[in-house]
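Hi everyone, thanks for coming. I'd like to walk you through one model today, so please have a look at the screen while I talk.

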Amino acid sequence: MAGKDVSLVVDDLIGKLVAVPTRLWGSQVCIYKVHEKLHAVSSPSVYVPAVVSIGPIHYGNAKLKGTEEVKLYYISDVLTQRGKKDTNSATALLRKCFESIKKLEKEIRECYAEPILLESKEFIEMMVVDGLFIVGLFQNYRVEPLRDDDPLAHNPWKSQNLIWDLLLIENQIPMFVLESLYKLTASDEEQSLKTIGYLSYGFFKNYISFPRDKIVLRKMKETDLHEGVHYNHLLDHLSNTFHPLVDNEDSEVCPPLRRLIHALRVTTKFVTELFLPKPNTVHTSRLYMPSATQLNIAGIKIVKGSTESSFLDVSFKDGVMTIPPVIISGRTEPLLRNLMAAEQFSDRYTIYVTSYALFMDRLVVTAKDVEFLSSRGIITNNLGRFEEIADLFGRLHREVVLGAPFYYLGTFDRVNEYYNDRWNFYKAAIKRKYFIDPWVTTTDMSFSKQESYRRDFFFSEF
């Protein structure tokens, strides 16, 4: 290549580098476009809105145009609520909303992982329209039944899908946009009693079928009002309602004192290893745990946890695994996937839900495991056949990276330590011989046979 040609290439590349806008990947980035590989693992994609577009990622989608008039209904309701149906007052209030969002434009754009190519005027209009729509929706749904002229009152399919569309990772706008618009349009009295986070909770609580810890939710509402807790967006706010009140005590490996006590049992251990039967285990990974039916065979008791706890509050102590109950429906997979996506695309999130997906994939291998957990009241099946639930938890891991720390690593360590203890296995064998347990007698005792059902798991090791 001639020297002149090289200079042209260099100048061209320098020009491109200079033209690239500088974007700081700091704490602001919180809304992401899901990678095509994640879209492909669910058909249809659980990340794509069905009826309404919120924010820039799906903006202009012709398939979602039908809901734009619904947005205008709620926007009009918000503006006239404070303007007392006075056109001049509503116009002035709307102008204030535009001015407020215009001041926040740079900060809003920085919340999106990918550059937004919309011009300033169109971008601000989109944020105001979508933000006021959500504020109006939250306020209207506090009243039951809905007014007869409400466009969603006589369309249950659209209203249900719209509700879930608001929780998609690609369908978010920053929470501070909603806060700004709410402060401009709500009365001072209303703002003193309810934050936008409070309204969000009230709106979604009737549609989410996972149990939530009442103490967590009460504290969240209190801190929303008095401490100004910040949430990135609606999905982030909902995610916080699921987080455990306190961290899992099993999340760390066995403490030194327990290891010391265990070492004092060396003589007993030697005897049991010499004479007692050994559980038929073949795994060496710390990310492995036997399935529910296999744990039952080994004498580990699996019991239903509190109905008021987060579904994440799994614990194991003294041979007893406690698992909070969950209701599995057609909405379970989309919700879990979007919660996991928020964790996957940001290292600022604790990987609670991603860890839970791995835990359930290990616990549920076949339909027999689902049936067993259902008999214990841990799984309520609103999805269909038991096989469908087993397949659901098998699918969740696809194209997902676990990373670290794995929230249930300590739990897995303790379960496997108990499971591999020959004395515990021997006691369970005695119970099977002299006491009838229908779940043991109908379950294949061969670990290797059940292992053949095991799906490949693509979480990364650490």
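Let me begin with a question: how much of its area does the protein expose, and what share of that do carbon and sulfur atoms supply? The exposed area is about 23,400 Å², and carbon and sulfur supply 56% of it.

Before we go further, please keep in mind that this is a predicted model. The average pLDDT over the protein is 80, and 70% of the residues score at least 70. One stretch to treat with care is residues 444-462, where pLDDT stays under 50. The model does have 54 contacts there beyond four places in sequence. Still, where pLDDT is low, the predicted coordinates should not be read in detail.

Now for the overall picture. There are 23 helices and five strands. Of the 462 residues in the protein, 49% are buried. If we take contacts between residues at least 6 apart in sequence, 78% of them join residues at least 24 apart.

Let's turn to some helices. Two packed helices are described by the angle between their axes and the distance between the axes, and I have two pairs to show you.

The first pair I picked is α8, residues 175-185, with α10. Their axes are 10 Å apart and the packing angle is about 105 degrees. An angle of 65 to 115 degrees counts as roughly perpendicular, so α8 and α10 are roughly perpendicular to each other. On the α8 side, the contact is made by M175, L178, E179 and Y182, and on the α10 side by I196, G197 and L199. By class, that contact has five nonpolar residues, one polar and one charged.

While we are on α10: how many of its nine residues are buried? Seven are, so to speak of this helix, residues 196-204, as mostly covered is fair. The buried ones are I196, G197, L199, S200, Y201, F203 and F204. You'll recognise I196, G197 and L199 from the contact with α8.

The other pair is α12, residues 234-242, and α16, residues 332-344. Here the axes come within 11 Å and cross at roughly 100 degrees, which means α12 is roughly perpendicular to α16. From α12 we have L235, L238, S239 and F242 in the contact, and from α16 we have L335, N338, L339 and A342. This contact has six nonpolar and two polar residues, with no charged ones.

I'd like to finish with two individual residues. Take M360 in helix α17, residues 352-363. Is M360 buried or exposed? Its relative accessible area is 2%, and because the cut-off for buried is under 20%, M360 counts as buried. Beyond its neighbours within four places in sequence, M360 is in contact with I379 and F393. A390 is 30 residues away from M360 along the chain, and their C-alpha atoms are separated by 9.1 Å.

And then there is L383. Where does L383 lie? You'll find L383 in the loop between β5, residues 379-381, and α19, residues 386-395. With a relative accessibility of 26%, L383 is partly exposed. Setting aside neighbours within four places in sequence, L383 is in contact with I328, S329, G330, E388, I389 and L392. For L383 and S329, the C-alpha to C-alpha distance is 4.6 Å, although they are 54 residues apart in sequence.

That's my tour, and I'm happy to go back to any part of it.

How values were computed: Residues are numbered from 1 along each chain as its sequence is written. This is a predicted model: local features need pLDDT of at least 70, side-chain atom pairs count only at pLDDT 80 or more; totals for chains, interfaces and linings use all residues. Side-chain values use heavy atoms; hydrogens and water are left out. pLDDT is the predictor's confidence in each residue, from 0 to 100. Contact means heavy atoms within 4.5 Å. Helices (H or I, at least four residues) and strands (E, at least two) are DSSP runs, numbered from the N terminus. Buried means under 20% relative accessible area, exposed over 50%, partly exposed in between (1.4 Å probe, protein chains only). Accessible areas come from the Shrake-Rupley method with a 1.4 Å probe; for residues, only the protein chains shown count as cover. Axes are lines fitted to C-alpha atoms, for helices over the stretch in contact, and angles run from 0 to 180 degrees between N-to-C directions. Angles under 35 degrees count as roughly parallel, over 145 as roughly antiparallel, 65 to 115 as roughly perpendicular and the rest as oblique. Ala, Val, Leu, Ile, Met, Phe, Trp, Tyr, Cys and Pro count as nonpolar, Asp, Glu, Lys and Arg as charged, and the others, Gly among them, as polar.
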